[in-house]
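I opened the model today and kept notes as I went. The entries follow in the order I looked things up.

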Amino acid sequence: MRFSQTLIPTLRENPSEAEVVSHKLMLRAGFIRKLSSGVYSYLPLGLMTLRHIEKIVREEMNAAGAQEVLLPMVQPADLWRESGRLQKYGPELLRFRDRHERESCLGPTHEEVITDLVRNNVHSYRALPLNLYQIQTKFRDEIRPRFGLMRGREFIMKDAYSFDDTDEAAQLTYEKMRYAYHRIFTRCGLAFRAVEADTGTIGGSFSHEFMVLADTGEDTLVICPKCSYAANMEKAACMPPPTGEKVAEKPLAKVETPGKRKVGAVTEFLRISAKELVKTMIFMADGKPVAVLLRGDHEVQPVKLQNFLGAVEVELATDQECFTATGVPSGYLGPIGMKIPMVADREVLAMQNFAIGAGEKNYHFINANVGRDFQVERTADLRLITEDDRCPLCGAGLNLTRGIEVGHIFKLGTNYSEALHAVFLDSNGQEKPFIMGCYGIGVSRVAAAAIEQNHDKDGMIWPLPIAPLPLIILNLGVNDEKITTAAESLYSELEEQGMDVLLDDRDERPGSKFKDADLLGIPYRLTVGKKFAKEGLVELRTRKTGESVDIPFAEVRDKIYQMINP
Ligand SMILES: [Zn+2]
């Protein structure tokens, strides 16, 4: 590929619209261009990277026994109505009518379509297990698309759906996918972790997210340095609180705390730490108020609360909702005399002689104790993990680190097959619903995550397996016959041997060629310039380490083959 003949519109400055590094660099390096909000065009280098990722995904999915299909992007709304998701999915599902007034939608995911395909064409246990996948453009009408390919509206995804006849078979399929995903992200050259993920309302423990580790990641991962435990924040558990020495219960006392509503203000006023206060927060669970008791320095993890309550939606109550539900202004709420259902984080049970709101404006109680002063019937792990917490499996201190979700595997069970009446006949001639699983990889997101993980101030640093090309040759003497002949001959020879090479044959200053080569992040750079004209040497530089070696031109082919096909 010749730089002069290829659409690589590099930019010198950071585009103002871009907030995260992958977005900035992809725009600057001419990998993508925005068409409209959250919708991007892939230019040649961007597409080459996507194709490399897709190739790895395809090879590993095929090796795991999955079969590739390609499903329509435009889906009839009736199928979504049948599964019950037409309403549930909300405005992220882009809906429209065609010229015959038929309701349709753009596929954000394909459970309905694939289940329909299988129910119409697979009828016997003999055809199972069946695992079908596709690599395709999806559309989700995100309310606030941002971060370029990280959270676009249109994106490229690999989605697979499995169909099994027994739980054991479904579990085996799940494990096969988990193994395939490990292979895929390892082959992409990325540092990643698989973490236990929340399964939401579907239940069960069969869900893992694959996270590319990056300081700029949106998600927090909880990783045990000692054992295999790893989870995302929604799911992360910790050791139950230690049952410490019981101390003597002090008498409950009511104290005036005028205008002190926030934890910080109350504890400062009472000269105690936040660990000696239990705060009472009101949440609206599917519209009904519930009081949550929590140690002062802890935060509620809404997904844990939602799962515990079996609610579809959980939101922090507004001050007005608080007052309507309890008759007490927020900031002075407490468990004594609480009229609405109450649930406590289990850490509260380990506390003694703590402060609480008095359930009355401008007052708190000190030296409150569970059991003596109020009862809590329901306790659970409801809070966000902190750096002080310990591993639920082995007790070691936990590490919190940032990551970007690039893959998700999920055991669906029979939710969709039952809703859509997708059944097969088992070996006894009994009709049964398929046991399903689904497995996604955000292909375009993998490219963005790779950059978030691998870059420096000069540009991208692609891992070799997914770099658009492995090598860029800089011709630093486009007007020098000797230099140009050498660069051109090497380029043609490598291309003829099937290697993808970018030849920078532009009539530009060496400085801007070096800058562009760094920006594009191509793993190896070969410079043919003055040193070649004088001494017959070319410079081979590794983008990642910045190391360079001068080698005689005659040896350069062998050296390149060694580095690129290790
Ligand atoms: Zn552990």
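Which side chain does the side chain of Thr-109 meet in a polar contact? I found Glu-111, at 2.5 Å. I note here that the model is predicted.

**Entry: Thr-109**

I placed Thr-109 in the chain next. Thr-109 sits in the loop that links strand 6 (103–106) to helix 5 (111–121). I then asked whether Thr-109 is buried or exposed. Its relative accessible area is 8%. The cut-off for buried is under 20%, so Thr-109 counts as buried. I listed its contacts, leaving out neighbours within four places in sequence. Thr-109 is in contact with Gln-75, Trp-80, Arg-85, Tyr-89, Lys-138, Arg-140 and Tyr-161.

**Entry: the zinc ion**

Which residues are the protein donors of the zinc ion? I got Cys-224, Cys-227, Cys-391 and Cys-394, each through SG. They lie 2.3 Å from the zinc ion. I checked the geometry. The angles among the 4 donor atoms run from 102 to 117°, and the site is tetrahedral. I wrote down the spacing of the donor residues in sequence as C-x2-C-x163-C-x2-C.

I looked up burial for two of these donors. Cys-224 has a relative accessible area of 2%, so I logged Cys-224 as buried. Cys-227 has 25%, so I logged Cys-227 as partly exposed.

**Entry: domains and cores**

I pulled the domain assignment. It gives domain 1 (15–237 + 400–451), domain 2 (253–380) and domain 3 (469–564). The centres of domain 1 and domain 3, taken over C-alpha atoms, are 39 Å apart.

Where does the largest nonpolar core lie? This core has 64 residues, and Phe-31, Phe-185, Trp-462 and Leu-520 have the most contacts inside it. Domain 1 and domain 3 both contribute residues, so the core lies between them. A second, separate core has 25 residues, among them Leu-79, Trp-80, Val-122 and Leu-128. I had already met Trp-80 as a contact of Thr-109.

I went back to Phe-185. Not counting residues up to four places away in sequence, Phe-185 touches Leu-190, Phe-192, Phe-210, Val-406, Gly-407, Ile-441 and Val-446.

**Entry: helix 13**

Leu-520 led me to helix 13, which covers residues 510–520. Its buried residues are Ser-512, Lys-513, Asp-516, Ala-517, Asp-518, Leu-519 and Leu-520. I also looked just past helix 13. Gly-521 takes a positive phi there, about 70°.

How values were computed: Residues are numbered from 1 along each chain as its sequence is written. This is a predicted model: local features need pLDDT of at least 70, side-chain atom pairs count only at pLDDT 80 or more; totals for chains, interfaces and linings use all residues. Side-chain values use heavy atoms; hydrogens and water are left out. Helices (H or I, at least four residues) and strands (E, at least two) are DSSP runs, numbered from the N terminus. Buried means under 20% relative accessible area, exposed over 50%, partly exposed in between (1.4 Å probe, protein chains only). A polar contact is a pair of N or O atoms within 3.5 Å; within protein, one must be able to donate a hydrogen and the other to accept it, and residues adjacent in sequence count only if both atoms are side-chain atoms. Contact means heavy atoms within 4.5 Å. Donors are N, O and S atoms within 2.8 Å of the metal (3.2 Å for Na, K and Ca); water is not among the atoms, so sites may look incomplete. Four donors count as tetrahedral if all angles lie between 85 and 135 degrees; four count as square planar and six as octahedral if opposite donors are over 155 degrees apart and all others between 65 and 115; anything else is irregular. Domain bounds come from an automatic or database domain assignment. A nonpolar core is a set of buried Ala, Val, Leu, Ile, Met, Phe, Trp, Tyr and Cys residues joined through side-chain atoms within 4.5 Å.
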